[in-house]
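Biologist: Could you take me through one part of this model up close, namely the charged side chains that pair with each other? I would like to know where each pair sits and how open its members are.

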Amino acid sequence: MESEELRAARAELERADRQLRRVQQHGEKVDRISEALNTYIVRNHFGESIKRTFERRTAT
């Protein structure tokens with residue numbers, strides 16, 4: 001039979017494990033959002049840069 005102390009320690013470990021999994025999932029979401037935002041910024045920046053260059057070249 002498990003002692004009360006061992007059961008309490010096991011329950012605490014299980015709570016910590018669940019919390020760690022939630023933090024890891026949150027981190028993965030943050031990484032995906034960050035990657036999408038960076039992709040958008042890069043595409044938008046370079047898209048505008050290319051557009052301005054094209055406009056300058058066709059305006060002359």
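Modeller: Gladly! Let's start with R7 and E4, which stand three residues apart in helix α1 and are therefore separated by about one helical turn. Their side chains meet in a salt bridge, with 3.1 Å from N to O; the term is used here for a side-chain nitrogen of Lys or Arg within 4 Å of a carboxyl oxygen of Asp or Glu. Before we go on, please keep in mind that this is a predicted model, where local features need pLDDT of at least 70 and side-chain atom pairs count only at pLDDT 80 or more, while totals for chains, interfaces and linings use all residues. Residues are numbered from 1 along each chain as its sequence is written, and side-chain values use heavy atoms, with hydrogens and water left out.

How open is this pair? E4 is exposed, with 56% relative accessible area, whereas R7 is partly exposed, at 38%. The cut-offs are under 20% for buried, over 50% for exposed and partly exposed in between, with a 1.4 Å probe and protein chains only.

Moving along helix α1, we come to R15 and E12. Here too the partners are three residues apart, about one turn of the helix. Their side chains form a salt bridge with an N to O distance of 2.7 Å. Both ends of this pair are partly exposed: R15 has a relative accessible area of 42%, and E12 has 45%.

The pair R21 and D17 has another spacing. These two are four residues apart in helix α1, which again puts about one helical turn between them. The salt bridge between the side chains of R21 and D17 has an N to O distance of 2.4 Å. R21 counts as partly exposed at 42% relative accessibility, and D17 counts as partly exposed at 35%. With this pair you have met the whole set, for the salt bridge count comes to three.

Now for the setting in which these pairs sit. The protein chain has one helix and zero strands; helices (H or I, at least four residues) and strands (E, at least two) are DSSP runs, numbered from the N terminus. Helix α1 covers residues 4–59. Along its principal axes, the C-alpha trace of the chain spans about 85 × 10 × 5 Å. Of the 60 residues in the chain, 0% count as buried, so the open surroundings you saw for E4, exposed at 56%, have company elsewhere. Take Y40, another residue of helix α1: it is exposed, with a relative accessible area of 53%.

A few more positions give you a feel for distance along the helix. R7, from the pair with E4, makes a handy starting point. Its C-alpha atom is separated by 63 Å from that of S49, which is 42 residues away along the chain. S49 also has its place in helix α1, and at 27% relative accessibility S49 counts as partly exposed.

For another reference, look at Q24, which is found in helix α1 as well. Q24 is partly exposed, at 43% relative accessibility. The C-alpha atoms of Q24 and K51 are 40 Å apart, with these positions 27 residues apart along the chain.

To pull your close look together: R7 with E4, R15 with E12 and R21 with D17 are the pairs to find on your screen. In each case about one turn of helix α1 lies between the partners, as for R7 and E4, for R15 and E12 and for R21 and D17.
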